Amino acid sequence: MNVFALVVILLILAAFAVDKYVHKQLEKRQLRRCSLVYILASYAVYLALMLAVVYTQMRADISQVVLGWVFAVALAVLLSKFAYGIALVLSLVPKIWRGASWSFVRRVGAVIGFAVLGYFVYSAVVTTRRVEVVDVEFVSERIPAKFDGYRIVQFSDMHAGMFARSGGFVDLLVDSINAQHPDLIAFTGDIVNLRTAELYPFLKTLRRLHARDGVVAVTGNHDYGDYARWETEQERVQSFDELMTLMTDSLGWQVLNNRSIALRRQNDSIDIVGVENWGEPPFKQYGDLDAALANVCDTTYTILLSHNPRHWDCEVAGKTNVDLTLSGHTHAMQTRFGNFSPSAWRYEHWAGATSIGNQWLYVNIGCGEVGIPIRFGATPEITLITLKSKQ
């Protein structure tokens, strides 16, 4: 049994214990209707959670938005009851000495439980519908004078299948990007969650993205359909090919699948390089950095788009002349409190800028969600990158 399953079981057991206590207290006060409503509501959440887990294991075709909200509501309910359950246990400590239980501890527990619910609601309704613009400058002697002040807006991990079809947030996202007046827009992977069909409702909005040198993009691990259920491998491949057609022909983006382009300002130039997703087991390795760098000159300032930040450690830093790598993927695990995120337990570089010598990595924490439509403090991000020349 893995740790996650054990935690879920403990939360459910705690919730059942709290349900039994609350039911008993309501019955004691002859509030039978309130007791019935409480029990029915609780068991409806548990049933929905069970069905969601079954559907997920079956990889059945069901709305990701619906599944996400079921998991979010269930987690909010379980954690709030767990908080109250701890308070109930602590309130019984005086009974060890045959004293009266601490009723004030139960009241504090109830307040904490409702606060947990409130924070979940805020994180789902408010935080996920904001866009934070993070400004960062990169200074280098290798940046040509004509590219001094060059503005790149990076966004990442949209996961279109997790958005309601109305697309209100995508409108806000596009408006926020365009408001930065970028010279170039860079998307660093995971435009969909499972299937290409998720992207269709947002094509019209994404076409409004505007930059002098257009939009460049790479693919992320979710874009290949490896997480979806397919009747045949051919269906998965067709879905990916369709996604590439939509991104290039319908959106007009340059998808840099293991290739590079040169951006020119008179006699000066910089190279923009992209690799397909640099996967980790058990997922496929699509990225080919050698092929992507084949036409890149070592003396040219080079920016690499690579979805997974671990790629920088394994193949880029100290092994190439790439100056700046832009990544996404981590989401900061959709949980961030100041400089802390549980994502740090899995990724050495999970957000922001880091460097080894003159080589830099920037990790964008994304603008969409996976699993549950909630971001605890990890506000959706777009990054405004300004290049500064020392020449």
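Helices here are DSSP runs of H or I with at least four residues, numbered from the N terminus, and in this predicted model the helix α4 gives the most to a nonpolar patch on the surface, with four residues. The briefing below takes up that patch, then a positive patch, and finally a buried threonine in a loop.

**Nonpolar surface patch**
- The patch is formed by Trp69, Val73, Tyr119, Val121, Tyr122, Val125, Val126, Phe337, Phe340 and Trp345, which together have about 1000 Å² of accessible area.
- At least two residues of the patch come from each of the helices α3 (64-91) and α4 (103-125).
- Valine 73, one of the patch residues, lies in helix α3, and valine 73 counts as partly exposed because its relative accessibility is 39%, which falls between the limits of 20% and 50%.

**Positive surface patch**
- Lys20, Lys24, Lys28 and Arg29 make up a positive patch on the surface.
- Arginine 29, a member of this patch, is found in the loop that runs between α1 (3-28) and α2 (32-58), and arginine 29 is classed as exposed because its relative accessible area is 53%, the threshold being over 50%.

**A buried loop residue**
- Threonine 196 sits in the loop between β3 (184-188) and α6 (203-206), and threonine 196 is buried, since its relative accessible area is 2%, where buried means under 20%.
- When neighbours within four places in sequence are left aside, threonine 196 is in contact with Ser239, Phe240, Glu242, Leu243 and Leu246.

Conventions:
Residues are numbered from 1 along each chain as its sequence is written. This is a predicted model: local features need pLDDT of at least 70, side-chain atom pairs count only at pLDDT 80 or more; totals for chains, interfaces and linings use all residues. Side-chain values use heavy atoms; hydrogens and water are left out. Patches are made of residues with over 30% relative accessible area and no salt bridge: like charges are joined within 9 Å, nonpolar side chains (Val, Leu, Ile, Met, Phe, Trp, Tyr) within 5 Å. Accessible areas come from the Shrake-Rupley method with a 1.4 Å probe; for residues, only the protein chains shown count as cover. A salt bridge is a side-chain nitrogen of Lys or Arg within 4 Å of a carboxyl oxygen of Asp or Glu. Buried means under 20% relative accessible area, exposed over 50%, partly exposed in between (1.4 Å probe, protein chains only). Contact means heavy atoms within 4.5 Å. Lys and Arg count as positive and Asp and Glu as negative; His and the chain ends are not counted. The place of a charge is taken as NZ of Lys, CZ of Arg, CG of Asp or CD of Glu.
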